[in-house]
Amino acid sequence: MQNEQSSVERKEPWDITSKERAIFSIIVMTGAFMAILDTTVVDVIVPKLTGPLATDMYGVQWIITSYMVAAAIALLITEYLIKRLGSKTVFILGVLLFTVASLFCGLADSLEHIIVFRVVQGVGEALIMVTSHIMIFSYFPPEKKGLAMGLFGLGVSFAPALGPTIGGYLTEYYNWRMVFFINVPVGVLLMVSGIVFLPKERFFERLKFNFASFTLLSFATVTLLIMLSKGQQLGWFNDYYIGVLLLCSIIGFLLYGLSELWSKNRLIDFSLFKNLTFANGMMIYFFILGFSMYQYFYLLPIYYEHIKMLPTLDAGIAVFAFAVFIGIFSPLAGILSDKIGAKKTVLIASIFYVATSIAFLPTLNYYTPLNQAMLLTIPFGIGMGLFFAPVTVMVLQNAPQNKGELAIVLMDYFRFVGGSFGTALATNNMEYFKNLHSLRMEELQNSDYLNHILAETAKALSISIDKAKAVFANYEAFMGYNYGFYNTFMHAAYWGVLGSVFVLLLFVNFKGSKERS
């Protein structure tokens with residue numbers, strides 16, 4: 001009774017002045033932008049790290065993947081921390097972890113060290129993302145929730161696309177360590193401003209946390225991701241290790257399910273998924289905003305650097321071509337969502353996204369002029385920018401008010417797990433299709449004629465026949481890589497098509513669905 005009276009007396013979070021709303025929004029948006037930027041800022045420096053860290057593409061891929069999977073797992077505990085400590089405290093804690101980990105990532109001198117600190121960085125990122133998501137949503141009145149998510153979409157959609165540009169600039173004019181060091185002063189400034197300006201909540205809940213379910217779900221997620229990451233490298237189920245990982249993952253998920261059934265304090269309230277609009281929204285998050293989009297965030301910088309042979313900075317600028325349009329259309333999508341409804345806006349976004357990812361991106365190869373390649377990615381950027389705000393508004397509108405934190409946690413969890421799996425799958429696909437096209441080229445070759453041409457070329461250039469063969473082998477591998485990108489881009493698009501099925505299901509009326517208007 002006393003709690004009900006208190007809730008009546010207190011004012012709503014959005015009952016603040018325009019100046020306060022602007023200050024609060026800038027602080028949390030800067031935190032979200034900094035955190036989400038680090039999911040892709042290293043994409044463009046990945047080819048540069050194989051030498052300094054003495055590893056290959058499979059190894060450096062874990063610098064990206066470890067960050068994302070750590071963030072996904074840490075998301076599962078954020079609802080508990082927010083309700084116990086408050087959004088402001090958890091936000092500042094996340095910024096602290098992120099800043100310290102960034103410093104040590106920059107100082108790391110081995111692959112193992114940088115992966116460890118990227119994991120800590122990912123935990124900090126999870127705390128920042130959920131709390132900033134909750135706080136900015138609370139600063140705007142109900143009729144402007146779409147605009148709030150459009151602004152937040154600048155961080156979630158624009159930052160990953162902008163990451164390669166910033167990473168390219170810092171690497172070109174300084175070195176790869178500056179990609180991490182740049183976070184330190186920003187993080188310190190954020191902590192100070194957050195402590196001074198952000199409002200502190202007055203109401204907290206005492207919750208029990210289900211550590212057993214958390215541990216089992218984390219174990220299952222990590223083992224499945226390692227299996228996907230190592231599969232192509234080890235020959236999939238020809239290797240005993242892959243089979244063991246799959247078995248561990250299946251057992252982990254089964255035990256997690258049993259733990260949830262037997263527990264009074266469940267880690268995830270699956271009753272939310274009885275609302276089919278909510279459930280479809282989560283699948284859209286997983287397959288489109290996670291599995292498909294993050295493959296493109298990962299692949300496009302590699303395409304510009306490895307196939308177009310651009311310097312790191314130029315590759316970042318090329319990626320920036322579509323990043324600009326993500327930034328422009330994210331707030332516009334929020335406004336459109338408030339005008340015509342979230343579902344219709346999501347449908348428009350999916351049509352843009354699927355059409356451009358199938359029609360335009362697979363055409364990119366070595367022979368595509370750079371200006372043309374950049375222009376072909378712009379409609380794709382528009383599709384990306386249109387997605388985040390309406391999907392988020394739609395999901396939160398269909399979640400109970402007291403489950404808002406859990407809904408945001410699940411959205412970010414599905415996106416990060418999907419992104420982690422997508423990045424691992426993109427690496428596997430690149431290597432697989434590169435090798436496949438190389439083998440097909442060898443099958444079509446006339447070996448006698450080829451040896452004759454190589455012998456004549458070696459004689460004309462005054463080099464040994466072995467050197468001529470080595471040069472041709474490198475050319476053959478490069479062309480395999482080049483043609484393989486068509487298949488890799490298409491496979492990323494297929495996941496977007498699968499996600500679009502759930503977009504269409506939004507317009508199907510099912511009996512018994514508990515959709516909220």
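**Rings and a kinked helix**

Student: What does Phe 472 count as, buried or partly exposed?
Tutor: The relative accessibility of Phe 472 is 23%. Buried means under 20% relative accessible area, exposed over 50% and partly exposed in between (1.4 Å probe, protein chains only). Phe 472 therefore counts as partly exposed.

Student: What kind of model is this?
Tutor: Residues are numbered from 1 along each chain as its sequence is written, and side-chain values use heavy atoms, without hydrogens and water. Local features need pLDDT of at least 70, side-chain atom pairs count only at pLDDT 80 or more, and totals for chains, interfaces and linings use all residues; this is a predicted model.

Student: Which helix holds both Phe 472 and Tyr 475?
Tutor: The two residues are three apart, about one turn of the helix. Helices are DSSP runs (H or I, at least four residues), numbered from the N terminus. The one here covers residues 465-505 and is α18.

Student: How far apart are the end C-alpha atoms of helix α13?
Tutor: The expected span is 1.5 Å times one less than the number of residues. Helix α13 has 29 residues (312-340), so it should span 42 Å. The C-alpha atoms at its ends agree with this, being apart by 41 Å.

Student: Which residue is at the centre of the kink in α13?
Tutor: The bend at a residue is the angle between axes fitted to the seven residues ending there and the seven starting there. In α13 there is a kink of about 35°, and its centre is Ala 321.
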